[in-house]
Amino acid sequence: MGVKAAGNAARARPPLAFRQSVRYILNHMVQYTRARLDASFAALSDATRRGVLEQLGHSDASITHLAEKFHMTRTGMKKHVGVLQRAGLVTTEKVGRVRTCKLGSRRLEEEMAWIERYRQLWDLRFDELDKVVEELKRKEKVDGRKKKE
């Protein structure tokens with residue numbers, strides 16, 4: 001390495017005493033929960049997948065049976081079941097040539113808690129809106145009486 005190259009290398013990196021190591025703190029539970037919520041809500045966003053979950057709530061079913069019930073190809077149903085599997089909502093088991101679908105063991109507790117927080121928030125907002133509407137109605141009633149007099 002030439003003198004010029006050595007000088008550039010020394011300038012490019014500060015001495016060890018001055019280096020600051022950048023550390024990122026990553027809360028794995030927050031990241032994991034977000035990913036699970038995203039996967040769950042993505043899976044539940046489709047009417048066919050919600051129907052599949054409802055069907056599997058009654059009894060286990062093969063991909064072929066589900067495809068017939070929802071008037072689609074087996075390939076299309078496999079894709080829907082794959083989305084539900086990735087979200088942990090459905091499990092499949094292959095016996096011979098038949099792939100049977102069952103409800104997954106994962107319950108939607110985190111999703112319900114998330115929805116409940118927002119339901120409470122909206123309830124509070126609607127309660128406040130009700131108060132404003134009642135106040136406006138009361139003022140309108142009082143103003144109407146003053147105009148008649």
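Let me start with two helices in this predicted model: helix α3, which covers residues 47–58, and helix α5, which covers residues 74–86, have axes that come within 10 Å and cross at roughly 75°. Angles of 65 to 115 degrees count as roughly perpendicular, and so α3 is described as roughly perpendicular to α5. If you look for the residues that make this contact, you will find Thr48, Arg49, Val52 and Leu53 on the α3 side, while α5 contributes Met77, His80, Val83 and Leu84. Sorted by character, the residues of this contact comprise five that are nonpolar, two that are polar and one that is charged.

Let me now step back to the chain as a whole. The protein chain has six helices and three strands, and, read from the N terminus, its elements follow the order α-α-α-β-α-α-β-β-α. Of the 149 residues in the chain, 19% are buried. When we take the contacts with a separation of 6 or more, 48% of them are between residues 24 or more positions apart.

The next topic is the aromatic residues, and here we can ask how many aromatic pairs there are. The count comes to three. In one of these pairs, Trp114 and Tyr118, the ring centres are 4.7 Å apart and the planes stand at 40°, so the pair is called tilted, because that label covers angles that are neither under 30 degrees nor over 60. Both Trp114 and Tyr118 belong to helix α6, residues 109–148, where they sit four residues apart, about one turn of the helix. Are these two side by side with the solvent or hidden from it, that is, what relative accessibility does Trp114 have? Trp114 has 33% and counts as partly exposed, and Tyr118, with a relative accessible area of 39%, is partly exposed as well.

Further along helix α6 we come to Trp122 and Phe126, which are again four residues apart, about one turn of the helix. Their ring centres lie 5.9 Å apart with the planes at 35°, so this pair is tilted too. Trp122 is partly exposed at 42% relative accessibility, and Phe126 is partly exposed at 46%. Trp122 also has a charged neighbour, since Arg125 lies over the face of its ring, at 5.1 Å from the ring centre.

To finish, I would like to return to Trp114 and Tyr118, which, together with Phe41, form one aromatic cluster.

Definitions and conventions. Residues numbered from 1 in each chain as written. Predicted model: local features only at pLDDT ≥ 70, side-chain atom pairs only at ≥ 80, totals over all residues. Heavy atoms only, no water. Phe/Tyr/Trp six-rings, centres within 6.5 Å; stacked < 30°, edge-to-face > 60°. Helix = DSSP H or I, 4+ residues; strand = E, 2+ residues; numbered from the N terminus. Buried < 20%, exposed > 50% of the residue type's maximum accessible area, 1.4 Å probe, protein only. Lys NZ or Arg CZ within 6 Å of the ring centre and 35° of its normal. Axes fitted to C-alpha atoms, helices over the stretch in contact; angles between N-to-C directions. Parallel < 35°, antiparallel > 145°, perpendicular 65-115°, else oblique. Contact = heavy atoms within 4.5 Å. Nonpolar A, V, L, I, M, F, W, Y, C, P; charged D, E, K, R; others polar.
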